[in-house]
Amino acid sequence: MSKIGELRERLLAEGYRQRSLVFPRRGGRLHAMPTSCGVQEARPPDYDWNGMNRGRAEFVVFQYTLAGCGLLDWEGRDIPVPPGSAMLVRIPHPHRYRVQPEAGFWQFLYLCATGRDVLRAAALVHEHSGPVLPLAPDGPALAIAAELFETACADRPASPFRASALAYSLFMDLLDRSLAG
């Protein structure tokens, strides 16, 4: 079985799941904070997001393709988001993402996060690498995202500080890859 297949099997062991991550506000405002995560399968035409129609709150969506394919309309061009790659988009921003019509479905792990360090890292990744990045399924970024997802789904959310540290580590790894490549 491929590494993506192994990751997919592990994340889907209990089916599709989504969780909001809400923590008490202790210790002040943190600069990297996950807000929700999940593993989903989307099909057209129901799954179609416009980055300008998701409210005014600033946040980042990290979405890693496990199977199928997504399609990101970014600055006038369509960019496929195939298995083994992650889409990183900032909200609000003029973009649109949906299921690639030819694929027929898009199965993914996603994580939404907010905070000034997350927003800044996403902007730098876009500047250096664009919004779609190839990521090894056994690399650090996916290990961190999977840990956040599995912890949240087990109803054992980390403390706000541990969750912040994981989100920060994820976005710093993405930034490190972007600047190195």
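In what order do the six strands of the open sheet lie? This tour of a predicted model begins with that question. Select the strands of the sheet and read across them: the order is β1-β2-β9-β4-β7-β10, and the pairing is antiparallel. At the edges stand β1 (17–20) and β10 (132–134), each of which pairs on one side only. From one strand to the next, the twist averages 20°.

**First stop: the strands of the sheet**

Select β1 together with β2. These two strands run antiparallel and are joined by four bridges. Within this part of the sheet, Arg17 stands opposite Val39 in β2.

Next, keep β2 and add β9. Nine bridges hold this antiparallel pairing, and Cys37 can be found opposite Leu111 in β9. Strand β2 is largely enclosed by the rest of the structure, because eight of its ten residues are buried.

Move on to strand β4 (residues 59–68) and strand β7 (residues 85–91), which pair in the antiparallel sense over six bridges. To locate one of the matched positions, select Phe62, whose bridge partner in β7 is Leu88. When viewing any of these strands, it is useful to recall that in a regular strand the side chains alternate between the two faces of the sheet.

**Second stop: the helices on the sheet**

Select helix α1 (residues 3–11). This helix packs on the sheet and touches β1, β2 (33–42), β4 and β9 (106–114). The direction of α1 makes about 110° with that of β4.

Now select helix α4 (residues 160–180). Helix α4 lies across β2, β4, β7, β9 and β10, and runs at about 65° to β2. Its 21 residues reach 30 Å from the first C-alpha to the last, close to the 30 Å expected at 1.5 Å a residue. The buried residues of α4 include Ala163, Leu166, Ala167, Leu170, Phe171, Leu174 and Ser178. An α-helix has 3.6 residues a turn, so residues three or four places apart point the same way.

Is Asp173 in this helix buried or exposed? Asp173 counts as buried because its relative accessible area is 12%, under the 20% cut-off. Beyond its neighbours within four places in sequence, Asp173 is in contact with Pro140 and Ala141.

**Third stop: the aromatic rings**

Display the aromatic side chains. The structure holds seven aromatic pairs. One of them is formed by Tyr47 and Tyr97, a tilted pair with 6.1 Å centre to centre and 55° between the planes. The two rings come from distant parts of the chain, 50 residues apart: Tyr47 is in the loop between β2 and β3 (48–50), and Tyr97 is in strand β8 (residues 95–99). Tyr47 counts as buried at 10% relative accessibility, and Tyr97 counts as buried at 2%.

Extend the selection to Trp49, Trp106, Phe108 and Tyr110. Ring pairs link these residues with Tyr47 and Tyr97 into a cluster. Then add Arg54, which lies over the face of Trp49 at 4.0 Å from the ring centre.

**Fourth stop: loops and unusual backbone geometry**

Select Met52, in the loop between β3 and β4. Met52 is partly exposed, with a relative accessible area of 45%. Which residues does Met52 contact, leaving aside its neighbours within four places in sequence? They are Pro92, His93 and Pro94. Met52 also lies 7.3 Å from His95, C-alpha to C-alpha, although 43 residues separate the two in sequence.

Pro92, one of these contacts, is found in the loop between β7 and β8. A cis peptide bond joins Ile91 to Pro92, with omega at about -10°. For another cis peptide bond, select Pro44 and Pro45, where omega is about 0°. Pro45 lies in the loop between β2 and β3.

Finish at Glu75, in the loop between β5 (70–74) and β6 (77–81). The phi of Glu75 is near 50°, a positive value in a residue other than glycine. Glu75 counts as exposed because its relative accessibility is 63%, over the 50% cut-off. As background to these last selections, most residues other than glycine have a negative phi, and most peptide bonds are trans.

Technical notes. Residues are numbered from 1 along each chain as its sequence is written. This is a predicted model: local features need pLDDT of at least 70, side-chain atom pairs count only at pLDDT 80 or more; totals for chains, interfaces and linings use all residues. Side-chain values use heavy atoms; hydrogens and water are left out. Buried means under 20% relative accessible area, exposed over 50%, partly exposed in between (1.4 Å probe, protein chains only). Contact means heavy atoms within 4.5 Å. The expected span of a helix is 1.5 Å times one less than its number of residues. Two strands pair if DSSP finds at least two bridges between them. Axes are lines fitted to C-alpha atoms, for helices over the stretch in contact, and angles run from 0 to 180 degrees between N-to-C directions. Rings of Phe, Tyr and Trp (its six-membered ring) pair if their centres lie within 6.5 Å; planes under 30 degrees apart count as stacked, over 60 as edge-to-face and the rest as tilted. A charge sits over a ring if NZ of Lys or CZ of Arg is within 6 Å of the ring centre and within 35 degrees of the ring normal.
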